[in-house]
Amino acid sequence: MVNQRWEEPITKTKPFSISKQVVWEAYRRVKASQGAAGVDGQSIKDFEVDLKDNLYKIWNRMSSGSYFPPPVRTVDIPKSDGRSRRLGIPAVSDRVAQMVVKMYLEPDVEPIFHPDSYGYISGRSALDAVGVVRKRCWWYNWVIDLDIQGFFDNIDHELMLHAVRKHTDSKWVLLYIERWLKAPAQLEDGSLIEREKGTPQGGVISPLLANIFLHHAFDEWMRTNHPGAPFARYADDIIVHCRTEAQAQVMLRVIERRLERCKLQLHPEKTKIVYCKDAKRPGSYKHESFDFLGYSFRPRSCKGRSYFVGFTPAVSKSAIKSMSATIRGWKLQLWSSSSLEDIARQINPVIRGWLNYYGRYYRTAMYPILRQLQYALVRWAMRKYKRLRGHWLKATHWLGRIARREPRLIAAWEFGYRPSAGQ
């Protein structure tokens, strides 16, 4: 009966025409992304126990206009600067509903997004943004590193809805977006907070809404009024390029005023003007480096036909710190019951992801992490094999022989970093 209920044709007229197939596809995408349980404690596995009936309820309520999102569970995630970022975790059913709206709205808005907006847009990536900033730092001497203070927490709801209305007149899309914006947040102690501004960072629909808002608040305004100052934006991380310090000072002031009109503020300490110092740029400035999407841009020794100083990106200290903590957390030396092949299957997806991302530019900056991984594997070998106990060099040479014989076994070895007693 449940199957028939979901698969039967629509016989009653609903106020809003929403495809059941879209609801099903929305669920498939939510499942692929996984994610934690929301306020109801229901995991994706729990949701699937009565899958078709749960999907039918979502479709029926959304189609009739009676869908109201539950509160969003919030979790505080520690940041590298000692503060925390508050993430919102919608219930599984609510993530499916949000995905439905995203699937209807996204095809209409993605084509109009600025070519230098890279976050959460199909066919564009964070590495694309890093690469563009890298090239422009060769051409422009100055950078404005913009930090919007608490962007996701401070988006004005009326301005947000005004921006969305520019791209759709669908009553049900606008209805549910408004309800999601106003859905209360549930803190870890169970108390509820009414939301008068902001959109939960962590919701399925939030990245799309953020892009729509900043498309109008920043991207289009920059394109129309300041085409001589190119920028790259990934969500609310923004880099603006300028030719002179004077231009950078003026641009910073006008951008600040523009964002204030959109009820946003720049972080007074994190927003800064940076001099892209290299071998051909004399003098100095109080800021000669900036971080962007896990990369640190600063003067570095580079090798071409000869050695020179270039302003280039490499993995940032905060990213190195995070990766280092992950390796320590694995405690590989305690995996003595596992084979090297078992370890490789567990850690390679993570290591390969790091190397594919952070190894794109100035790859030698990743060597400290690979060295830490090597030391962890040596300690594992010394603990696992009696003949290697207490013999660091012997264990290192043993791993080195395996690396030469099976260079694809560990992702770091594929990258070209092999065990060596001299490292």
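Begin by selecting strands β9 and β10 (residues 295-303), which pair in the antiparallel sense over three bridges. Helices and strands here are DSSP runs numbered from the N terminus, a helix (H or I) having at least four residues and a strand (E) at least two; two strands count as paired if DSSP finds at least two bridges between them. The model is predicted, so local features need pLDDT of at least 70 and side-chain atom pairs count only at pLDDT 80 or more, while totals for chains, interfaces and linings use all residues. Residues are numbered from 1 along each chain as its sequence is written, and side-chain values use heavy atoms, with hydrogens and water left out.

**The β9-β10-β11 sheet**

Display the side chains of the β9-β10 pair. F290 stands opposite F297 in β10, and F292 stands opposite Y295 in β10. Next, move to the turn: β9 and β10 form a hairpin with two residues between them. L293, in the loop between β9 and β10, has a positive phi near 55 degrees and is a residue other than glycine. Is L293 buried or exposed? At 16% relative accessibility, L293 counts as buried, where buried means under 20% relative accessible area, exposed means over 50%, and partly exposed lies in between (1.4 Å probe, protein chains only).

Extend the selection to β11. Nine bridges join β10 to β11, and these two strands run antiparallel. S301 has V309 as its bridge partner in β11. The result is an open sheet of three strands in the order β9-β10-β11, with antiparallel pairing. Its edge strands are β9 (290-292) and β11 (307-315), each pairing on one side only. From one strand to the next, the twist averages 50 degrees.

**Helix α6 across the sheet**

Now add helix α6, which lies across β9, β10 and β11 and runs at about 55 degrees to β10. Contact means heavy atoms within 4.5 Å; axes are lines fitted to C-alpha atoms, for helices over the stretch in contact, and angles run from 0 to 180 degrees between N-to-C directions. The 14 residues of α6 (residues 126-139) should span 20 Å at 1.5 Å a residue, and its end C-alpha atoms are 21 Å apart, which agrees. The expected span is 1.5 Å times one less than the number of residues. Colour the buried residues of α6: A126, L127, A129, V130, G131, V133, R136 and C137. An α-helix has 3.6 residues a turn, so residues three or four places apart point the same way.

**The mixed sheet**

Select β1 (residues 72-78) and β2 (residues 84-89), which pair in the antiparallel sense over six bridges. P78 stands opposite S84 in β2. β1 also pairs with β4 (residues 185-186), in the parallel sense over two bridges; the bridge partner of V72 in β4 is A185. A185 in turn stands opposite I193 in β5, and two bridges join β4 to β5, which run antiparallel. Together these strands form an open sheet of four in the order β2-β1-β4-β5, with mixed pairing. The edge strands, each pairing on one side only, are β2 and β5 (192-193).

**Helix α9 and its cover**

Proceed to helix α9 (residues 171-182), whose twelve residues reach 17 Å from first C-alpha to last, close to the 16 Å expected at 1.5 Å a residue. Its buried residues are W172, V173, L174, Y176, I177, R179, W180 and L181. What covers them includes α4, α5 (92-109), α8 (157-165) and α10 (206-225).

Within α4 (residues 51-64), select N54. N54 is buried, with a relative accessible area of 15%. Not counting residues up to four places away in sequence, N54 touches Q42 and F47.

**Cavities**

How many cavities of 30 Å³ or more does the structure hold? There are two, and the largest has a volume of about 60 Å³. To locate the largest cavity, select its lining residues: V72, P90, D94, Q98, W180, A183, T199, P200, G203, I205 and S206. A cavity is a set of points, on a 1 Å grid over the protein atoms alone, where a 1.4 Å probe fits but cannot get out, and lining residues have an atom within 4 Å of a point. Grid points are joined across faces, edges and corners, and a volume is the space filled by probe spheres set on the points.

**A last stop**

Finish at K263, in the loop between α11 (245-261) and β8 (272-275). K263 has a positive phi of about 65 degrees although it is not a glycine. K263 is exposed, with a relative accessible area of 52%.

Conventions. 1 Å grid on protein atoms, 1.4 Å probe; cavity = no way out; pocket = protein on both sides within 12 Å on 5 of 7 lines; lining within 4 Å.
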